[in-house]
Amino acid sequence: MVSAFDLKPDKGCLSEGGLTLQMQVPVANYRLDFLVDKGLIVEIDGAAYHSSPDAIERDAKRDKALVAKGFEVLRIPAKVALYNPSEAIERVRTARSHRLAKKAQARALTERGKFSSQHKHVLPAKAAASIEAGLDNLTERITASGERFSERSDQFLESWQKRLDESLADANKKAKEQSRRIQKKLDSDPEYRRIYEEVEAKWDKG
């Protein structure tokens, strides 16, 4: 986040270009991992503490309580933040853009309501409907973009994890085969065993 947004220390938080980032923020009975722009909560979920049914239920209850207070919550798996931080950053960007778009829409609707009440004879109903439709379309496009990105991210992680598992399995297989070959040589060649044991003894002594 610091490098991606060029954040700098500013009165107890990090900020730059309108974005603010706070860490370990206490809210009610909770402590937030990160808080972006004082409204977007970013939680980094490790599988060990967030994958059980009880943990999922606990997180859902926590999110509901925080949303009721006006926050939005973005949860990012710890393996994404650890192994693919650029993707974690993009998830934050998408969630932040979505939130800013909704705030802009809310402001526009508020202003439109004030304008309409003051200038009913000036603003045609068709124009007002067109503005609202445009704002709704913008929000839908941002939401759809975020959903597509999340889907592609999950597919990438699944593929990456599969390749990693295959590589580890292949490495373990080769290691076992090498161990068998060494043991066979040790059993059949006394001189080889003597040299092996000498080298092993020297290695143990450092």
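Rings of Phe, Tyr and Trp (its six-membered ring) count as a pair if their centres lie within 6.5 Å. By that rule, this predicted model holds 0 aromatic pairs.

**View A. The whole chain, end to end.**
Start with the overview of the predicted model: the protein has 7 helices and 6 strands. Read from the N terminus, the elements go α-β-β-β-β-β-α-α-β-α-α-α-α. Of the 206 residues in the protein, 24% are buried. Accessible surface adds up to about 14,700 Å², and carbon and sulfur atoms own 55% of that. As for contacts with a separation of 6 or more, 47% come from residues 24 or more positions apart.

**View B. The sheet, strand by strand.**
Here we have an open sheet of 6 strands, with mixed pairing and the order 1-2-3-4-5-6. Strand 1 (8–10) and strand 6 (72–77) are the edge strands, so to speak the two borders of the sheet, and each pairs on one side only. On average, neighbouring strands are turned by 35 degrees against each other, direction ignored.

**View C. The hairpin of strand 1 and strand 2.**
Zoom in on strand 1 and strand 2 (residues 13–16), which pair in the antiparallel sense over 3 bridges. One pairing to look for is aspartate 10, whose bridge partner in strand 2 is cysteine 13. The hairpin has 2 residues between the strands, and lysine 11 takes a positive phi near 55 degrees.

**View D. The hairpin of strand 2 and strand 3.**
Moving along the chain, strand 2 and strand 3 pair over 3 bridges, in the antiparallel sense. Glutamate 16 stands opposite leucine 19 in strand 3. This hairpin has 2 residues between its strands, and glycine 17, in the turn, shows a positive phi of about 55 degrees.

**View E. The hairpin of strand 3 and strand 4.**
Strand 3 (residues 19–27) and strand 4 (residues 30–36) run antiparallel and are joined by 6 bridges. If you want to trace the ladder, leucine 21 has valine 36 in strand 4 as its bridge partner. Methionine 23 is matched with phenylalanine 34, also in strand 4. The turn has 2 residues between the strands, and alanine 28 in that turn has a positive phi of about 55 degrees.

**View F. Helix 3 on the sheet.**
Back to the whole sheet, this time with the helix that packs on it: helix 3 (residues 53–68). Which strands does helix 3 touch? The helix touches strand 3, strand 4, strand 5 (40–45) and strand 6. Its direction makes about 60 degrees with that of strand 4.

**View G. Aspartate 59 and its contacts.**
Stay with helix 3 and pick out aspartate 59, which lies in that helix. Is aspartate 59 buried or exposed? Aspartate 59 counts as buried because its relative accessible area is 8%, and the cut-off for buried is under 20%. Leaving aside residues up to four places away in sequence, aspartate 59 touches His50 and Arg75.

**View H. Arginine 93 over phenylalanine 5.**
The last close-up is a charge sitting over a ring: arginine 93 lies over the face of phenylalanine 5. The distance to the ring centre is 4.5 Å. As for rings pairing with rings, recall that the structure holds 0 aromatic pairs.

Conventions: Residues are numbered from 1 along each chain as its sequence is written. This is a predicted model: local features need pLDDT of at least 70, side-chain atom pairs count only at pLDDT 80 or more; totals for chains, interfaces and linings use all residues. Side-chain values use heavy atoms; hydrogens and water are left out. Two strands pair if DSSP finds at least two bridges between them. Helices (H or I, at least four residues) and strands (E, at least two) are DSSP runs, numbered from the N terminus. Axes are lines fitted to C-alpha atoms, for helices over the stretch in contact, and angles run from 0 to 180 degrees between N-to-C directions. Contact means heavy atoms within 4.5 Å. Rings of Phe, Tyr and Trp (its six-membered ring) pair if their centres lie within 6.5 Å; planes under 30 degrees apart count as stacked, over 60 as edge-to-face and the rest as tilted. A charge sits over a ring if NZ of Lys or CZ of Arg is within 6 Å of the ring centre and within 35 degrees of the ring normal. Buried means under 20% relative accessible area, exposed over 50%, partly exposed in between (1.4 Å probe, protein chains only). Accessible areas come from the Shrake-Rupley method with a 1.4 Å probe; for residues, only the protein chains shown count as cover.
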